[in-house]
Amino acid sequence: MQNKITVEALNAWFGAKHVLKNINLCFQENRITAIIGPSGCGKSTFIRCLNRMHEVVPHAKISGTVLVDGRDIYENGTDPVDIRRCIGMVFQKPNPFPTMSIYDNVAAGLKLNGVKDKRILDKAVEESLKKAALWDEVKNDLNKSGVSLSGGQQQRLCIARALAVEPRIILFDEPCSALDPISTSKIEDLMIDLKEKYTLVIVTHNMQQAARVSDFTAFFLMGEMIEFGDTKQIFKNPKEKSTEDYITGRFG
Amino acid sequence: MRWNKRKLTDRIMSFLAASCVVIAVVPLLSILYTVTVNGLSSINIDFLTKLPRPVGEAGGGLGNAIEGTFIVVGIACIIGLPAGILSGVYLSEYGDNRFGRFVSFVADVLAGTPSIVAGIFGYAFIVLYFGSFSAIAGGVALSVLMVPIVTRTTEESLKLVPGSIREASLALGIPGWKTTLYIIISTARGGIITGALLSIARISGETAPLLFTSFGNMFWAGGIDKPVSTLPVQIYTYAITPFPDWHAKAWGGALVLIILILILNIGVRLFTKKKYGM
């Protein structure tokens, strides 16, 4: 199994605040890796470093290397726009573009990168919505507003939107924390389907979720990576005391 | 029903609030009523399409003033809307620095400038320079009033677009400038259009900036470098004469102006009733 992403000596700051301390971590291709840890431990910051979204925040700094297929995404001369095109992201709160229809939401990434051919767009929209398990629910309402959907449907719309630009890696930043249990289980099933074709990284507060969907788990605490391993091993025999305390609910 | 202190307070406060509404609405209705009653009799096809006649002659109208208002407001829009909207985009997207705060401050000061000062600006920079009153000078003076309104409303509506929308777009690999142009501005377009229409409604009724810029005449517009008649100035000119005939025309002009502005405001309503109900 190949390492899709290799993170070496990654440090990140917000102004003078050191939020990620010397992180070394590998993500395997076609696997789901979960990142767990209490609020404020740097999980979200960490995955935002993987597609160069961290630097969008004012005063944010970063050092270290992130190799994707062996190439450093922080290399001089690399355009963050190209990086973000191959590494999709799904956010905590569903955030469809409010003034766009369902169709336009999914097509937005392609349209704004110059794809004009209606047939290509139609095909991409249908395929992405199918992959996101939303097609059957919306195929007759493609011209309706994206925000007219329920929260869970909106989140799947956002997943379809991310899939439409054909990324190889998808980052999920607590994708279910604003959703009810039924929508959550739909998204979890979807993630398991998606790992056949994509490499997935998911940040979650929900430890059952990490245990259910992920192949590997990393535990973060106070900006450091405490433990990384096979999900079963992390949840059954954590090596570190603090990991055990966290997953048994003693803090966090 | 038994009266206790809580219910009594509730009644008194509701009554006070309702009285304030009446105080606010009565002058408005009274103006509309008076203008309609006095102006309606003067309005006919000739009034809207014919040139003014000398005092004492029956007939004639304010066709040239209506035409002139459209010309001057049109010029103001051509200058003011792009300048205002782009300044608003600058302030909201790139204005988080010393220069941006300075521009904000200037826009606020400009918004509070008496409109006659905008007229003096147009007079000093355009009328004196070209040596004659002109539609352009009027348009420039009105655009000075328009820019800060449009800048502020554009900035405010762009700032209402949640950061998560911007992040969603950037994370799709859409470049920053396209994100601003096609995602952020398109999300805020309802607010931007509303601001633009309200600013047009606001400047359409301005008299002071036009008195010594576009000035006025009694003929059809001869070009944008010539003086043109406008409704507000024409109303003013007629209203200060001693002739009852012209007073009636002034009322009619006022009614036409109010109707035009009302149409614009209804336009705002229709635009803000957005396609997707957000």
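In this predicted model, Arg161(A) lies over the face of Phe97(A), at a distance of 4.5 Å from the ring centre. A second arrangement of this kind occurs in chain A, where the charged end of Lys61(A) sits over the ring of Trp13(A), 5.3 Å from its centre.

The position of Lys61(A) leads on to the strands of chain A, since strand E4 covers residues 60-68. Strand E4 belongs to an open sheet of four strands, which has the order E2-E1-E4-E5 and antiparallel pairing. The edges of this sheet are taken by strand E2 (17-28) and strand E5 (71-72), each of which has a single partner strand, so that one side of each is left without a neighbour in the sheet. For E5(A) that partner is E4, the two pairing in the antiparallel sense over two bridges, and in one of the bridges Val68(A) has Arg71(A), a residue of E5(A), as its partner.

Further along chain A, strand E10 (residues 224-230) contains Ile226(A), a residue that counts as partly exposed because its relative accessibility is 26%, above the 20% under which a residue is called buried. Setting aside the neighbours within four places in sequence, Ile226(A) is in contact with Phe219(A), Phe220(A) and Leu221(A), and also with Glu240(A), Ser242(A) and Thr243(A). Between the C-alpha atoms of Ile226(A) and Lys241(A), which are 15 residues apart along the chain, the separation is 9.7 Å.

Charged pairs give another route through the model, in which a search of the whole structure finds 24 salt bridges over all chains. One of them joins Asp215(A) to Lys195(A), with the closest N and O atoms 3.0 Å apart. Asp215(A) lies in the loop between helix H8 (207-213) and strand E9 (216-221) of chain A, while Lys195(A) lies in the loop between helix H7 (181-194) and strand E8 (199-203), so this pair ties together parts that are 20 residues apart in sequence.

In chain B, a salt bridge links Lys159(B) with Glu155(B), the closest N and O atoms being 2.8 Å apart. Both residues lie in helix H6 of chain B, where they are four residues apart, or about one turn of the helix. An α-helix has 3.6 residues a turn, and residues three or four places apart therefore point the same way. Glu155(B) is buried, with a relative accessible area of 3%. Another salt bridge of chain B is formed by Asp225(B) and Lys226(B), whose closest N and O atoms are 3.7 Å apart; Asp225(B), at 47% relative accessibility, is partly exposed, and Lys226(B), at 40%, is partly exposed too. Back in chain A, salt bridges that share partners join Lys4(A), Glu29(A), Asp69(A) and Arg168(A) into one network.

The two chains meet at an interface in which 19 residues of chain B are in contact with 28 residues of chain A. The area buried between them is about 2,000 Å², and carbon and sulfur atoms give 69% of it. Across this interface the rule finds one salt bridge; a salt bridge between the chains is formed by Arg48(A) and Glu167(B), with the closest N and O atoms 2.6 Å apart.

Aromatic rings are the next feature to follow, with 13 aromatic pairs over all chains. Tyr90(B) and Phe99(B) form an edge-to-face pair, 6.0 Å centre to centre and with 70 degrees between the planes, and Tyr90(B) is partly exposed, having a relative accessible area of 26%. The rings of Phe133(B) and Phe215(B), by contrast, have their centres 4.5 Å apart and their planes at 10 degrees, so this pair is stacked. Phe133(B) is found in the loop between helix H5 (115-130) and helix H6 (135-159) and Phe215(B) in the loop between helix H10 (208-211) and helix H11 (231-239) of chain B, so the stacked pair ties together parts that are 82 residues apart in sequence. Phe133(B) is partly exposed at 24%, as is Phe215(B) at 42%, and ring pairs link these two residues with Tyr123(B) and Phe212(B) into a cluster.

Helix H11 of chain B, which follows the loop of Phe215(B), has among its buried residues Leu231(B), Val233(B), Ile235(B) and Tyr238(B). The buried residues of H11(B) pack against helix H3 (63-94), helix H9 (189-204), H10 and helix H12 (244-272) of chain B.

Definitions and conventions: Residues numbered from 1 in each chain as written. Chains lettered and ligands numbered in written order. Predicted model: local features only at pLDDT ≥ 70, side-chain atom pairs only at ≥ 80, totals over all residues. Heavy atoms only, no water. Buried < 20%, exposed > 50% of the residue type's maximum accessible area, 1.4 Å probe, protein only. Contact = heavy atoms within 4.5 Å. Pairing = 2+ DSSP bridges. Phe/Tyr/Trp six-rings, centres within 6.5 Å; stacked < 30°, edge-to-face > 60°. Lys NZ or Arg CZ within 6 Å of the ring centre and 35° of its normal. Buried area = accessible area lost by both parts, 1.4 Å probe. Salt bridge = Lys/Arg side-chain N within 4 Å of Asp/Glu carboxyl O.
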